[in-house]
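Trainee: Could you take me through one part of this structure slowly? I would like to learn how aromatic rings can be read in a model.

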Amino acid sequence: MGFHIANEPEADRVLDEYPFAVLAGMALDQQYGMEHAFRGGWKLLTRMGDLDTARIAAMDPEEFKAVCAETPAVHRFPASMATKLQGIAVIVEQEYGGDVTRLWTEASTGKELLKRIMALPGFGKQKAQIFVALLAKQLGVKPDGWEAAAGDYALEGYRSVADVVDEDSLLKVREYKQAAKAAAKADKA
């Protein structure tokens, strides 16, 4: 099928070929446009020549921050996001032997998958639920109970990045998020 999240053919190709890029994109999808967040792996690959988690984990933190801050930066907050990405790479190395796909392929239940994702830096419950839904909807990773673990993000519709498969669905997800923000703001008033 191929990813169509980054809205940039080369960046989407990197998502297709490098599982760490998908995880990095999800980590970067915070206070930043989702298509820009999912270009992060592509930016790192073009600067570093690879997305080797062992190399990222072992890099001097200041050096990795500098790589993430090169123009165009991987995120509007490149230093804090570099710390998160490097922390994720360390966990991938220590817990999953450098194979990021083991994070999801070895989870026997949706609950376990959610727990594994929530153990990553920067992944709270909602972000982890969205990533569970993305894995299921776009990569076919569907351990028993994934729907319950993903919550409403498992439902059909255009709620999150998990539902972005083309430019039209990207716009629908953006509209859904804007409507949800407006409703939340109205509830506070």
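Mentor: Happy to help; we will look at the aromatic rings and then at some backbone features. Please keep in mind that this is a predicted model.

Let's start with the rings. How many aromatic pairs does a search of the whole structure find? The search gives two. One of them joins Trp104 and Phe131: the ring centres are 5.9 Å apart and the planes meet at 70°, so this pair is edge-to-face, since planes over 60 degrees apart fall in that class. Where do these partners sit? Trp104 belongs to helix H8 (residues 102–105) and Phe131 to helix H10 (residues 125–139), so the pair ties together parts that are 27 residues apart in sequence. Are the two residues buried or exposed? Trp104 has 5% relative accessibility and counts as buried, and Phe131 is buried as well, with a relative accessible area of 0%.

Phe131 also pairs with Phe123: here the centres are 6.2 Å apart and the planes are at 65°, so this pair is edge-to-face too. Phe123 counts as buried because its relative accessibility is 4%, and the cut-off for buried is under 20%. Put the pairs together and you get a cluster of Trp104, Phe123 and Phe131, linked by ring pairs. There is one more neighbour to notice: Lys127 lies over the face of Phe123, at 5.7 Å from the ring centre.

Now let's turn to the backbone. Most residues other than glycine have a negative phi, and most peptide bonds are trans. With that in mind, look at Asn7, in the segment before H1. Asn7 is not a glycine, yet it has a positive phi of about 60°. Its relative accessibility is 38%, so Asn7 counts as partly exposed. Gln31 also has a positive phi, near 55°, and its place is in the loop between H2 and H3. Gln31 is exposed, because its relative accessible area is 54% and the cut-off for exposed is over 50%. A glycine with a positive phi can be found just after H4, where Gly49 has a value of about 85°.

For the peptide bonds, go to the loop between H6 and H7, where you will find Pro72. The bond from Thr71 to Pro72 is cis, with omega near -5°.

Note on methods. Residues numbered from 1 in each chain as written. Predicted model: local features only at pLDDT ≥ 70, side-chain atom pairs only at ≥ 80, totals over all residues. Heavy atoms only, no water. Helix = DSSP H or I, 4+ residues; strand = E, 2+ residues; numbered from the N terminus. Buried < 20%, exposed > 50% of the residue type's maximum accessible area, 1.4 Å probe, protein only. Phe/Tyr/Trp six-rings, centres within 6.5 Å; stacked < 30°, edge-to-face > 60°. Lys NZ or Arg CZ within 6 Å of the ring centre and 35° of its normal.
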